[in-house]
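Okay, thanks for letting me jump in. I'll put the model up, and then we can walk through how the inside is packed.

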Amino acid sequence: MSSIRHPLMETSDNTATSSPAPTSTARRSGRVTKAPDKFSPDAPVASKRKRAAEHDDEDAENELPDGEDDAAADDDEADDTATEDQEPRRTKKPSSQSARARKPAAKKPKTNGDVPAAALNHAARLPSRPKKAVRIAIARRDGDGLYADIFASGDSSDKVATEWYHRYQADNTAAVTDLVNCILLSAGCDKQVTQDDIRDPENCQNRLADLQNVYADGGITDYPLVSRAKSSKPFRDLLIGFFRSLVTVMHETDVLYNDPTLMENIARWVASMSSSTLRPFRHTATTTALAMEAALVEVAKKLDDRITKMTQQVEAEKARKSKNKDRLGAIQNNLEEANRNRETCQEQITDFFETVFVHRYRDIDAKIRTECVEALGSWIWQLPTVFMEPEYLRYLGWMLSDVVPQTRQEVLKQLARIFKRDAQKLGHFIDRFRPRLVEMATKDSDVSVRVAAIAVIQILKDTGMLEPDEIDSIGRLIFEPEVRVRRAVLDFFADCVNDSIETKIETMGGDDIVDELFGDDDDEDYSSPRRDWISIKCLAELLAAYDAQLEEENHTEAPRSLDIAVEMVQAVAPETRISLASQVLYEKIDQVKNWELLASYLLYDHSTSTKSKSVSRGSSNEATLRGAVAPEGREEPILLEVLAAAVRMSLSPSTDIDRSRRRHRVEGGESPEDSAIHLATIIPRLLNKFGAEASTAVVVLRLEHSLDLDIFQQLRQDSTTYRRLLDEICIQFERHQDRGVLTETTAALLHARRYDELEEITDGKIADLWEAVINTLRQFDRTADLGARLNLDVAAIGQLGDVLLKMSKLASIANCIEVLEADGQLEGSDAPAIEILAKIVNRGQLDQVEEALDDLEDEAVSFAVKCCQFYFMWKVRSLIGSVQAGADILSHDVERLNNLRKTYQRNLISTLSSRGTNDDLRLFATGGLCDLHIVFATLRQVIEQQQKQQQQEGVSHNSNSKKYALLDPLLEPITPGLINELIEIYDAAERAYARCIKRALNEPNEDEDPLDDDDQFSDDENEAELSPSEKKSKELKAEKALCELAGKLVLAILAKMVDQVGPNAGKLKRRMLRNQNKLGHNLKETLAYFDEGRLRGEGKSGGRKKGGAAAPAAAAAKGKVDKSRGSGAGSKKQAISEEIIVADDDLSDLDVDDDDDPFAEREPEEGSAEDLRRRELVDDPIEDDEAEDGDGGGGVDGDHMDEDESVLGD
């Protein structure tokens, strides 16, 4: 059989890297060498390896003819993602034209050859004719000959193959012609070859080229092997089954050995088609060749078994004393024939491998590459004596770096089953590619690939073929944010824990010593040491070690206190690495499921001597016990987090816990009532032991959230238990100034107030806390002027900030009007607390810089702003209730409230106006000013609704309007003179975010200030010193600041509280809309709510809603106003956080009606340049500029984050 290698081709969407022209007899491999995407930015580059010189001359492989580009594009998503160095995906809909002129750019690199020079000279032009109609080649059921026998007759593959063999015996040329035509029909080609073509093997390639041209002219984009039609589902199985049966029949009839011309002729046509530039030909022929190769491997296996058996018979016959020469001769003749047949079979296997597999394993089509990997894995599994050699195994190793996840996953699947059986025989291969396997498990961009890689690594660990550092690398994946990865590595981590337990038991002296130390475990008594504590200790050691390693590699600084104060970052992370790991450990490790056991271990005093359980136990055994199970370093805080996660998963099945965990709790025998009471008893004890440290107190306080307080309502006799728990929570509130502790205690008190039976108890505790903090505030008021900045030292201003922080937390829990409006009884401080708070806001006025005090001063002011804001929310809620009830409102109360509002507003304006740059407090004060007016706007809406309702009922409008006319001073908008300063603040926030993402902003209008050229990307030098995570943090912070500011300004404008009157009316809105589509989806969707119909949830495009979870800013503003429990505008804001950003939405496709939006962009005239650009018939310079600007931008891998991915979490 001829082993001539036919030229391979190139396609325009090649996924592999280009192979350089050969310079010597040894050439670099042309396989796919582009490293797949990884999570980390430092992705390694796959090295190229040498192959034998016999596979040379691959200049034009995989070249697609005209019209085949569409077939490649429509194949499937895997083909698209396989393209190497492909251009970034656009979110716009694909053009209806077959090709679109683009900006001049380098053409994509090719796999196996140089790019034709003509391909680089496409001029940008409009298409001259419409695209051809798409045709699909499907599996035909009305064919004739062999094709009909295979796919339409319903006969088995063995029967069809046998019948074809009989036809071959009668007329070999006609039978081979029918076979080749069957392959062509299977590829979707209606044209056929003739017997003359079969008789002229030298013309094989020319004839296939003619058929290929005719096929390509038909514009067929689909073929049976990839068709999604239901009828084509078994097509591949039938095609593979026939050719495997055909090889089996040829083996059984000895045609395979006696008539080599037949296999040579079939192989010539199949190999030639497998190197076709046409994907249907190439794919179908490759599938056929791989099926025949698999059948030859099965035949070789049978021959090997026969040869082994005959060899044993020969040796046994020779060993006999009385030899039967005739029998021995017959066996030897049969053995020689079997060896000759085996050599012939091996030649066929080698030829198919070298003429098809060697070239197709790196084909442009990911489907073909995946089929090659699957086939090679099967050959290694079935015939390890031949294929379990380096020259074959290396292809699996190379394909671990394929650019398509599905192909990498198939390689891992094949390696997994091979390693299970033969890992010990593959030491050299494993040593060579084990680092790549570990890298895939830890850094691959596809989660399914990571899961498959972890399964392979698990097999290597079971066979003891992992290095200690590799075990640590995989074990740390228990902290991965992706839950599928955590679950995949769970068994691996559990094995590591078990190994640690075995080591510790050996260190303690063996099982006998352990049994003597702990005795028999009492299932109900968790208070004394027990054997399970060894498991808990080992678990804590492993988690602490891995946590320390991650902290060392990815050290993150604690957030600034001021960032927490102005709500730029959360005081308490919702989930930590330990809590994420605990969620999956709960499913596997029994000691984690038993949270009572964990609590007893933590409450035990490990520093005291352990009471011996037997007379024979001496002091040395006690020391051994303490050294073996006592926690050290970070182990106790880590176990506290594990305990919190276990309690939440055990007692809160209604949230995100599945029903199996609920069944586990019920089977455990303890009722929910007993568990809740037990937990309420344990929490105070844990707080007594761990409450002194803020980091551990936060975790213990979080346990209260898991309590089902309905139980304490039902079991009133146990209210004393919960009262003691509240006492401990309040003690923590008074003891600590840590933001996290105060946040958790506030959440616990809010949790308690949700239940009517416990509300009275909780309100009493809250009143005591209010009394304490207000008394402390008055002490400060007596000694200093709290409205003046820099008149307190560092310690005093820090203490004042702590008091104001606690007041802001208490104001968020329950109605605080009475407490804050009460006159003081202390000499020198008799003003109501709310007036003192409004005065403190004036400390934000910045006259001189004092670095040691400025952050502390700004923190105190931010907490005072929060207190005042909550007061006005509660106050407006009270007024709304009076208006809705038709009650009278005293003019004295309104005048007092208005004076307080003016003072607070004046101090806010002083704060934001005195600062030249957009620092945290300036942005926070601007948001507070907007919030103040938005809150009172809800009152105006309620008054208007009441007036409309009374008009409908026939009540005089004048009487009602006069009744509440005294409230009009409270409804004054922001003064028009502040518009320019608000624009300046917004402009600075916008430019700060644009610098972070390296995005050029639109030019200002004629009536606006010009851009400062020196400001564009001015801090690039400083950013060069930041790590990728620090850059990302800075970018997210800038985006959140911009979106929150934009959201509050949008709500204020919609509430008609700003930008409505004066010479600058509408100027702020126009300025905000200037860069609406330039700075990501969050800002875009926030500004889209200028459409009031959209804010009400009324879609304008056939009811289809797009966009925003929405912007963090609008969502935050919504949350604050909702706390006032007002109506009207509050109901509008609810829609902001209910919609979801669709990542693939077109950036230019806004659901805004031009009639409603005066600033909407009008449709261009048909045929104009703008119209052609919109229809994507000519280049869009704005888009291209944006793409170029984004190349440098702050993404994870050094690339600019795409707008679709710039979605900030809530």
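**The core and helix 40**

So, the largest nonpolar core here has 315 residues, and Phe 387, Phe 419 and Met 807 have the most contacts inside it. By nonpolar core I mean buried Ala, Val, Leu, Ile, Met, Phe, Trp, Tyr and Cys residues joined through side-chain atoms within 4.5 Å; buried is under 20% relative accessible area, with a 1.4 Å probe and protein chains only. Helix 40, residues 851–885, gives this core its largest share, 17 residues. Helices are DSSP runs of H or I, at least four residues, numbered from the N terminus.

Quick caveats: this is a predicted model, so local features need pLDDT of at least 70 and side-chain atom pairs 80 or more, while totals for chains, interfaces and linings use all residues. Numbering runs from 1 along each chain as its sequence is written, and side-chain values use heavy atoms, with hydrogens and water left out.

Back to Met 807: leaving out residues up to four places away in sequence, it touches Trp 770, Val 773, Ile 774, Leu 777, Leu 820, Leu 837 and Cys 867, where contact means heavy atoms within 4.5 Å. Apart from the big core there's another one of 7 residues, including Val 314 and Ile 331.

Is helix 40 mostly enclosed or open? Of its 35 residues, 25 are buried, so the rest of the structure largely encloses it. Its length agrees too: 51 Å expected at 1.5 Å a residue, and 52 Å between the end C-alpha atoms. That expected span is 1.5 Å times one less than the number of residues. Just after helix 40, Gly 886 has a positive phi of about 75°.

Zooming out, 53% of the chain's 1210 residues are buried.

Notes:
Buried < 20%, exposed > 50% of the residue type's maximum accessible area, 1.4 Å probe, protein only. Helix = DSSP H or I, 4+ residues; strand = E, 2+ residues; numbered from the N terminus.
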